[in-house]
Amino acid sequence: MAFNNMEEFITNLPKAELHIHIEGTLSSEMILKIVTRNKIDFPYKSVKEINKALAMRIPGLKGFLDHHYLVVSIIQTQADFYEITYELLRKCKENNIVYIEIFFDPQFHTTREIPFETVINGIHQGRLDGSGTFGVEANLIMCINRERSVESAFEMLAQARPHRDKIIGIGLDSYEEKNPPRKFAEVYLRAQEDGYRFTAHCDVDQVNSVEHIWECLDILKVDRIDHGINSIEDPKLMKELKRRNICMTTCPIWRSTDPEPQDIRRIKNIYEFGLLVTLNTDDPAEFDSGYLTNLLMEVQEKSDYSKFDIVHFMKNAFEGSWLSRSAKDDYIKSLLDYAAVHGVNMA
Ligand code: ADE
Ligand code: ZN
């Protein structure tokens, strides 16, 4: 029963996740609940219709985001933000995720006249209560929507200043085409004064993906890259990512039409090159891959990873997190203890 043994090993493995958008965790049931509560005229009226629309969306980043934002627009109140965050931490517990860093997109909400306070207070309280109930540690990463103006990003930084203690870092997401990282050079520079950690999305197979990754390193001064797998095309970039110990948060998600998790060959090459690469779910309610246990099981099988490899990926996630050195060491010790009990020696 080798397969079952691996299934049990992955299920019970203590996990960390570094790339997940809170707005991408709305299940069909949660969508209907919020739509009803907020009396919204939403185009899809049942779980079946919601799932059909999800399956029919146009492939690629733009198609994904167009549909994503249609769904996200149902979130309106502090109770909505609270509930989705609390429910995410329940999912973490189910998946044995002990530590998570969660993206949120304030500009999408504030430009719909929802106060920044509504967003941050709902998410923050959901995180605190969820942590208390489910024993999961969580930190928040505030993303800049890259298609919006630099002024709008500065405004968000100012709105976040009274809440600085609730937010660990800054990210960059949304529509990448024609919105290179360098557009936000001044914003990241200013955010440095506020003491944030930095990451940025360089989505897969975008126009100028490799150039964007270089800009993240040299201009934005990130210590993580979200996705970033096109780095495999540039040997000099690969060496530089290794030299700087940059963490890559890849997302081998899949849709029902995909024969296997996306990009697993390139991810394996990056892993074998020795970069600090991690496996993540991105928007678990919007892909068939779902949450982390399910994703890891499929990736392990399709990439033929050993238990050692799976533990290594998870060690990378704790290592690449924005926890303190001592907190990382504690989590890694628990992980390696778990591995040792299951016959995996990482020394
Ligand atoms: N927002 C939610 N998921 C995203 C992704 N994968 N890339 C860019 N923006 C996003
Ligand atoms: Zn993402």
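This passage walks through a ligand site, the nonpolar cores and a few individual residues of one structure. The model is a predicted one.

A good place to start is ligand 1. The residues around ligand 1 are H21, L61, F64, L65, H68, D173, S174, H201, D203, H227, D282 and D283. Some of these residues make polar contacts with the ligand. In the case of D203, an N or O atom of the side chain sits 2.6 Å from a nitrogen atom of ligand 1. For H21, the distance from a polar side-chain atom to a nitrogen atom of the ligand is 3.3 Å. H227 also has a polar side-chain atom 3.3 Å from a nitrogen atom of ligand 1. On its own, ligand 1 would expose 260 Å², and the protein buries 98% of that.

H227 deserves a second look. This residue belongs to strand β7, which covers residues 224–227. H227 counts as buried because its relative accessibility is 6%, and the cut-off for buried is under 20%. Its backbone is worth a glance too. Most residues other than glycine have a negative phi. The phi of H227, however, is positive, near 75 degrees. D263 is another non-glycine residue with a positive phi, this one near 65 degrees. As for its place in the chain, D263 sits in the loop that links β8 (247–250) and α12 (264–273).

Next come the nonpolar cores. The largest of them holds 111 residues, and I100, M142, Y188 and I225 have the most contacts inside it. What does Y188 touch, once its neighbours within four places in sequence are left aside? The contacts of Y188 are I144, I170, G171, L172, F198, T199, A200, L220 and V222. Apart from the largest core lies another one, made of five residues, with F103, I141, C143 and I168 among them.

That leaves V150, found in helix α8, which runs over residues 150–160. Is V150 buried, exposed or partly exposed? V150 is partly exposed, because its relative accessibility is 22% and the partly exposed class lies between 20% and 50%. Beyond its neighbours within four places in sequence, V150 is in contact with K183, F184 and V187. Take F184 as an example: V150 and F184 are 34 residues apart in sequence, yet their C-alpha atoms are 6.4 Å apart in space.

Methods
Residues are numbered from 1 along each chain as its sequence is written. Chains are lettered from A and ligands numbered from 1 in the order in which they are written. This is a predicted model: local features need pLDDT of at least 70, side-chain atom pairs count only at pLDDT 80 or more; totals for chains, interfaces and linings use all residues. Side-chain values use heavy atoms; hydrogens and water are left out. Helices (H or I, at least four residues) and strands (E, at least two) are DSSP runs, numbered from the N terminus. Buried means under 20% relative accessible area, exposed over 50%, partly exposed in between (1.4 Å probe, protein chains only). Contact means heavy atoms within 4.5 Å. A nonpolar core is a set of buried Ala, Val, Leu, Ile, Met, Phe, Trp, Tyr and Cys residues joined through side-chain atoms within 4.5 Å. A residue is near a molecule or strand if one of its heavy atoms lies within 4 Å of it. A polar contact is a pair of N or O atoms within 3.5 Å; within protein, one must be able to donate a hydrogen and the other to accept it, and residues adjacent in sequence count only if both atoms are side-chain atoms. Accessible areas come from the Shrake-Rupley method with a 1.4 Å probe; for residues, only the protein chains shown count as cover.
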